[in-house]
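Reader: I would like a close look at a single part of this model, followed by how that part sits in the rest of the chain. Please give the cut-offs as you go.

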Amino acid sequence: MNRFTLLISRLLLVLAGMSLLAMMSLVVTNIIMRQLASSFGGTTEVVGWLTAVVVSSSLAYAQLTKAHIELDMLVARLPQRLQRLIQLLVAVVSLLFFTMVAFKLWEYGTFAMQRGALSQSLRLAIYPIIYLVAFGFTAFCLVLLMDVRDCLTQGREA
């Protein structure tokens, strides 16, 4: 499970990096085109999609490597058992919340596909982007599930 989660997280991180590079290239090209001729339409829309992909695809790896900001000035002064309990509580609540987010994104992607929903500017189907974002959040939930498991096993060892 750990290797699988690491593999998925790294693949999504590569996707996030490629999306960020594409976003940067699109914005720079659009700026240059605006100076030389006329820029192409839909840049704002595509940058919005790529931003969603970058954020959702990088969440799992960030959680796996604990690359997020953690303010534990108060919690660090508490007894070790209480610290583990708080850590478990935060992991469980996060897992529940982001599982709901992922589920609703999958549901929304299916709804958009069935309705044939199109983007406003470019008139492209939006469900593939929604599914990609949902997959990123699902991978994030998998890492959170591992965190819950780790919290529970640490409690038994201590």
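Is Arg123 buried or exposed, and at what relative accessibility does it count as such?

Author: Arg123 counts as exposed, because its relative accessibility is 52%; exposed means over 50% relative accessible area, buried under 20%, and partly exposed in between, with a 1.4 Å probe and protein chains only. This is a predicted model, in which local features need pLDDT of at least 70 and side-chain atom pairs count only at pLDDT 80 or more, while totals for chains, interfaces and linings use all residues. Residues are numbered from 1 along each chain as its sequence is written, and side-chain values use heavy atoms, with hydrogens and water left out.

Arg123 is located in the loop between α3 and α4. Its phi is positive, about 60 degrees, although Arg123 is not a glycine. Most residues other than glycine have a negative phi. Lys66 also has a positive phi, near 55 degrees, and is likewise not glycine. Lys66 belongs to another loop, the one between α2 (43-64) and α3 (80-115). With 41% relative accessibility, Lys66 is counted as partly exposed.

Leu124 is in the loop between α3 and α4 as well. Its relative accessible area is 42%, so Leu124 is partly exposed. Apart from neighbours within four places in sequence, Leu124 is in contact with Trp49, Ala117, Leu118 and Ser119, where contact means heavy atoms within 4.5 Å. Val148 is 24 residues from Leu124 in sequence, and their C-alpha atoms are 39 Å apart.

The two helices that flank this loop come next. On the α3 side, Gly109 lies in that helix and is buried, because its relative accessible area is 0%. Beyond its neighbours within four places in sequence, Gly109 is in contact with Tyr127, Ile130 and Tyr131. Tyr61, by contrast, is 48 residues from Gly109 along the chain, with 23 Å between the C-alpha atoms.

On the other side is helix α4, residues 127-157, which contains Asp147. Asp147 counts as buried because its relative accessibility is 13%. Its side chain is joined to that of Gln63 by a polar contact of 2.5 Å. A polar contact is a pair of N or O atoms within 3.5 Å; within protein, one must be able to donate a hydrogen and the other to accept it, and residues adjacent in sequence count only if both atoms are side-chain atoms. Not counting residues up to four places away in sequence, Asp147 touches Gln63, Lys66 and Ala91, so the list includes the Lys66 with the positive phi.

Gln154 is another residue of helix α4. It is partly exposed, because its relative accessibility is 36%. With residues up to four places away in sequence left out, Gln154 touches Arg84 and Gln87. Gln154 and Arg84 are 70 residues apart in sequence, yet their C-alpha atoms are 8.1 Å apart.

Helix α1 (residues 2-36) is represented here by Leu15. Its relative accessible area of 22% is why Leu15 is partly exposed. Leu15 touches Val53, Ser57 and Leu132, again not counting residues up to four places away in sequence. Met33 is 18 residues from Leu15 in sequence and 26 Å away in space, C-alpha to C-alpha.

For the chain as a whole, there are 4 helices and 0 strands, in the order α-α-α-α from the N terminus. Helices (H or I, at least four residues) and strands (E, at least two) are DSSP runs, numbered from the N terminus. Of the contacts with a separation of 6 or more, 75% are between residues 24 or more positions apart. Buried residues make up 30% of the 158 residues.

The radius of gyration is 20 Å, where a compact globule of 158 residues would have a value near 15 Å. That radius is taken over C-alpha atoms, and the globule rule is 2.2 Å times the number of residues to the power 0.38. Along the principal axes, the C-alpha atoms fill a box of roughly 65 × 35 × 30 Å. The accessible surface comes to about 10500 Å², and carbon and sulfur atoms hold 69% of it; accessible areas come from the Shrake-Rupley method with a 1.4 Å probe, and for residues only the protein chains shown count as cover.
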